[in-house]
Amino acid sequence: MEPLNVLMVGTGEYTTGFVGTGGSASDKKVGVVGLSMFDLRRRGKVGKLGMVGVNGTKYPAIREHLHKNITLAYNNLDTSFESFPADDAKDPDAYKTAIDALNPGDAITIFTPDTTHYPIALYAIERGIHVMITKPAVKLLEHHIALLAAAEKHGVYVYVEHHKRYDPAYADARFRARKLGDFNYFYSYMSQPKFQLETFKAWAGIDSDISYYLNSHHVDICDSMVSQLGYVPVKVSASASKGVATSLGCHESTEDTISLLVHWEKKDDPSKHATGVYTASWTAPQKAGVHSNQYFHYLARDGEITINQAKRGYDVAEDAAGQLVWYNPFYMRYAPDEDGNFNGQSGYGYVSMEKFVDGCRSINVGEMKPADLDAKGLPTLRNTIATTAILEAGRRSIDEGREVRIEQNDGTWRLM
């Protein structure tokens, strides 16, 4: 197979680990997308790499950051890339110029504010470019359906980066859930410390909310577990708390914590119901010890599953931190191997990237079609419709103060 040429859209924390003033204070100090793609290029799976943002004046600092924290840290790993716009320019439409420079069969990754996912993805799809979109894929169900139609028309692969599907414990739980009978109840919680809001102030409460940002993980995990049992979401009500984020300088509309109450129903037996409760917050204590507190409880007819991924049995005490810290090397392992090379290929953040690259390459040589990848149960655009429907319904429930119904007839989804 030929290496896949990839354009990385977005220059922020998840792509580069750079947040404007230097490395991120989160667990992604050197990013995820860029590091993974640089290593996949070293391994021969990725070819040309590009990066596009809005503000080209950031690139000198980004390149210095990547050289210092990746090239020098991993045996001179090549971190070069072609950039758009120029280093002395600012251009909100630079992504169009960058995508126009690609060829059909090339790919892009989209790690930008939620409201920009749809126009960027559509522009690429219409030009025969494969697309990876960070979660949430889009904010509106109608946009999700429109992207799906465009992807099918142009024969491209659109993949949603729900990396929690590749967390070893979550993946095992999804498999075991198949054997536990009818779905009954799901509860999840995910949070990040308040300091992370400094990174998100430009869009928090304006372009998106904490439910789209974090609940998207567990909503997708639950849907991927129970859809295989025939369950679909039928109605959503949501509530939110406010006060902490706004006191820290976030936009006045920024909620602290959002909870979604989702009613599920078995398609072939409407008498069977289940309940899902999904809670997300970005106002956890500053010194919570973990970047992401995350757990869920799944109850079914013949058993239950409980997962707590906050601490993972890995405790680190550092004078600089002034507290115990619980790291997550299962997500991105940043420690090099004995030869000095990057050694995180088994981390589920990396695995998610590699799954996308492998899928694109297999399509490009005719080994598979996008529908074949849908059938594998990967987080493709087709396999994540319910997640988008639930997240938008939750947002509308809060904004409109009512319960929102989800209807699905002959594969057509709509909110009522």
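## A salt bridge in helix H2

Arg-42 has a relative accessibility of 42% and therefore counts as partly exposed. In this predicted model, the side chain of Arg-42 meets that of Asp-39 in a salt bridge, with a nitrogen-to-oxygen distance of 2.9 Å. Asp-39, in contrast, has a relative accessible area of 0% and is buried. The salt bridge thus joins Arg-42 to Asp-39, the former partly exposed and the latter buried.

The two residues lie three positions apart in helix H2, which spans residues 33-42, so that about one helical turn separates Arg-42 from Asp-39. Side chains of opposite charge can pair when their charged atoms come close.

## Further salt bridges

A search of the whole structure yields 26 salt bridges. One of them lies in helix H7 (residues 168-177), where Asp-172 and Arg-176 are four residues apart, or about one turn of the helix. The closest nitrogen and oxygen atoms of this pair are 2.6 Å apart. Asp-172 is partly exposed, at 35% relative accessibility.

A salt bridge also connects the side chains of Asp-269 and Lys-272, at 3.9 Å from N to O. Asp-269 is partly exposed at 25% relative accessibility, and Lys-272 is likewise partly exposed, its relative accessible area being 30%. Both residues belong to a network of salt bridges that further links Asp-182, Lys-266, Arg-301 and Asp-302.

## The eight-stranded sheet

Eight strands form an open sheet with mixed pairing, in the order E12-E11-E7-E10-E9-E8-E15-E16. Strand E12 (303-308) and strand E16 (412-415) are the edge strands, each of which pairs on one side only. From one strand to the next, the twist averages 10°.

At the E12 edge, strand E11 (residues 293-300) runs antiparallel to E12 and is joined to it by six bridges. Tyr-295 has Asn-308, in E12, as its bridge partner.

## The E8, E15 and E16 end

Towards the other edge of the sheet, E8 pairs with strand E15 (residues 404-409) in the antiparallel sense, over two bridges. Here Lys-235 has Arg-405 of E15 as its bridge partner. Strand E15 pairs in turn with E16, also in the antiparallel sense, over four bridges. Within this pairing, Glu-407 is bridged to Arg-414 in E16.

E15 and E16 form a hairpin with two residues between the strands, and in this hairpin Asp-410 adopts a positive phi near 55°.

## Helix H9 and the environment of Ala-177

Helix H9 (residues 210-226) lies across five strands of the sheet: strand E7 (183-193), strand E8 (231-241), strand E9 (257-266), strand E10 (269-284) and E11. Its direction is at about 150° to that of E7.

Ala-177 is placed in helix H7 and is buried, with a relative accessible area of 0%. Beyond its neighbours within four places in sequence, Ala-177 contacts Met-225, Gln-228, Leu-229, Tyr-298 and Ile-305. Although 48 residues separate Ala-177 from Met-225 in sequence, their C-alpha atoms are 6.4 Å apart.

## The cavity and the loop before H13

The structure contains one cavity of 30 Å³ or more, and the largest cavity holds about 40 Å³ of space. Its lining consists of Pro-136, Ala-137, His-144, Val-160, His-162, Thr-384, Thr-387, Thr-388 and Leu-391. Helix H13 (residues 385-400) gives the most to this lining, with three residues.

Thr-380 occupies the loop between helix H12 (370-375) and H13. With 0% relative accessibility, Thr-380 counts as buried. Residues up to four places away in sequence aside, Thr-380 touches Tyr-157, Val-158, Tyr-159, Val-160, Leu-373 and Asp-374. Among these contacts, Val-160 is also one of the residues that line the largest cavity.

Note on methods. Residues numbered from 1 in each chain as written. Predicted model: local features only at pLDDT ≥ 70, side-chain atom pairs only at ≥ 80, totals over all residues. Heavy atoms only, no water. Pairing = 2+ DSSP bridges. Axes fitted to C-alpha atoms, helices over the stretch in contact; angles between N-to-C directions. Contact = heavy atoms within 4.5 Å. Salt bridge = Lys/Arg side-chain N within 4 Å of Asp/Glu carboxyl O. Buried < 20%, exposed > 50% of the residue type's maximum accessible area, 1.4 Å probe, protein only. 1 Å grid on protein atoms, 1.4 Å probe; cavity = no way out; pocket = protein on both sides within 12 Å on 5 of 7 lines; lining within 4 Å. Points joined across faces, edges and corners; volume = space filled by probe spheres on them.
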